[in-house]
Amino acid sequence: MAIKSMSSFSIRNLILCLLVLGNVLLISCEDKKKTGPPQKYNGPLMVTDNLALMMSDSGKTTIRVTTAQQIKLQNEDEIYPKTVYVTFFDKNGVEYSSLRGDSGRFFKNEGLYRVMGNVFFYNRLQQQSLSTDLLNWSSVKKKVYTDHAFIIKTKFDEIHGVGMEADQDFTHFTIRNGKGAFAIDSLATSNEAEVDTTSN
């Protein structure tokens, strides 16, 4: 009887030792996972609400960009997930053009802003507007352009097309694959807007 009792006691102790050893190894493995190489953070660098960005020339504001939220990425590109407004001012500080879109993105290396969704660009002085679903604005080249379908409305005409480029003040524009009824005289007004209406 005593031998049996000691035998079962030894087996119990052995099982208990194995369980304890297993737990120690498990905890040790978990600690190694926790103290492994640090994971690289790929999320946003910064999030700013109610952004108002001013660009100036010779101490005078020339452009204002406003949006409800800006997300700056690790590569310093910026995402604007909410409506974006861009306002252009002349040398006297008077607004002459405005641009809006449902969202946007800034590509830092190219100095390029991309405005997307229900894009509307309006030049108050020329009384011309551009509607499209995507418009690129190069702050370096001072140009706006799109490869998407668009509608341009002037005081006299309405022009539909696919693909266009214009000065950022929207006084001169070149159209690719355009169509519409417009008067030659109207194209000569407003600083002689250049229109290429070559169709397919």
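**Exercise 1. Determine whether T146 is buried or exposed in this predicted model, and describe what surrounds T146.**

Solution. Begin with the accessible area: T146 has a relative accessible area of 0%, and buried means under 20%, so T146 counts as buried. Next, place the residue in the fold, where T146 belongs to strand β9, which covers residues 143-153. Then look for a polar partner: the side chain of T146 reaches the backbone oxygen of L134 at 2.6 Å. Finally, list the contacts, leaving out residues up to four places away in sequence: T146 touches T132, L134, L135, G163, M164 and R176.

**Exercise 2. Find which residues of the largest nonpolar core touch the most other members, and state which elements build this core.**

Solution. The core holds 26 residues, and within this set I152 and M164 touch the most other members. Two or more residues each come from β2 (60-72), β4 (84-89), β5 (95-101), β7 (112-123), β8 (128-138), β9, β10 (158-167) and β11 (173-175). Among these contributors, β7 gives the most, with 4 residues. As a last step, follow M164 outward, again not counting residues up to four places away in sequence: the residues that M164 touches include L130, V144, Y145, F150 and I152, and the list also includes F170, F173, T174, I175 and R176. T146, the subject of the preceding exercise, is one of the residues that M164 touches.

**Exercise 3. Classify the ring pair of F88 and W137 and the ring pair of F106 and Y113 by their geometry.**

Solution. A search of the whole structure gives 8 aromatic pairs. For F88 and W137, the ring centres are 5.4 Å apart and the angle between the planes is 80°; planes over 60 degrees apart count as edge-to-face, and the pair is edge-to-face accordingly. This pair links distant parts of the chain, with F88 in strand β4 and W137 in strand β8, 49 residues apart. Both F88 and W137 are buried.

For F106 and Y113, the centres are 4.5 Å apart and the planes meet at 35°, so this pair is tilted. F106 and Y113 are both buried as well. To complete the picture, ring pairs join F88, Y96, F106, Y113, F121, W137, F170 and F173 into a cluster.

**Exercise 4. Describe where F106 lies and which residues F106 is in contact with.**

Solution. F106 sits in strand β6, residues 103-107. With a relative accessible area of 12%, F106 falls under the 20% limit and is therefore buried. Setting aside neighbours within four places in sequence, F106 is in contact with D77, E78, Y80, G111, L112 and Y113. Of these partners, E78 is 28 residues from F106 in sequence, while the C-alpha to C-alpha distance between the two is 4.9 Å.

**Exercise 5. Work out which residues lie closest to the centre of the largest pocket, and which elements contribute to its lining.**

Solution. The largest pocket encloses about 280 Å³ of space. It is lined by 14 residues, of which D57, T62, I63, K142 and Q168 are the closest to its centre. Two or more lining residues each are supplied by β1 (46-57), β2 and β4.

**Exercise 6. State how many helices and strands the protein chain has, and how much of the chain is buried.**

Solution. The protein chain has 2 helices and 12 strands, and from the N terminus on the elements run α-β-β-β-β-β-β-β-β-β-β-β-β-α. Of its 200 residues, 32% count as buried. Among contacts with a separation of 6 or more, 31% are between residues 24 or more positions apart.

Key
Residues numbered from 1 in each chain as written. Predicted model: local features only at pLDDT ≥ 70, side-chain atom pairs only at ≥ 80, totals over all residues. Heavy atoms only, no water. Buried < 20%, exposed > 50% of the residue type's maximum accessible area, 1.4 Å probe, protein only. Polar contact = N/O pair within 3.5 Å; in protein donor to acceptor, adjacent residues only side chain to side chain. Contact = heavy atoms within 4.5 Å. Core = buried A, V, L, I, M, F, W, Y, C linked by side-chain atoms within 4.5 Å. Phe/Tyr/Trp six-rings, centres within 6.5 Å; stacked < 30°, edge-to-face > 60°. 1 Å grid on protein atoms, 1.4 Å probe; cavity = no way out; pocket = protein on both sides within 12 Å on 5 of 7 lines; lining within 4 Å. Points joined across faces, edges and corners; volume = space filled by probe spheres on them.
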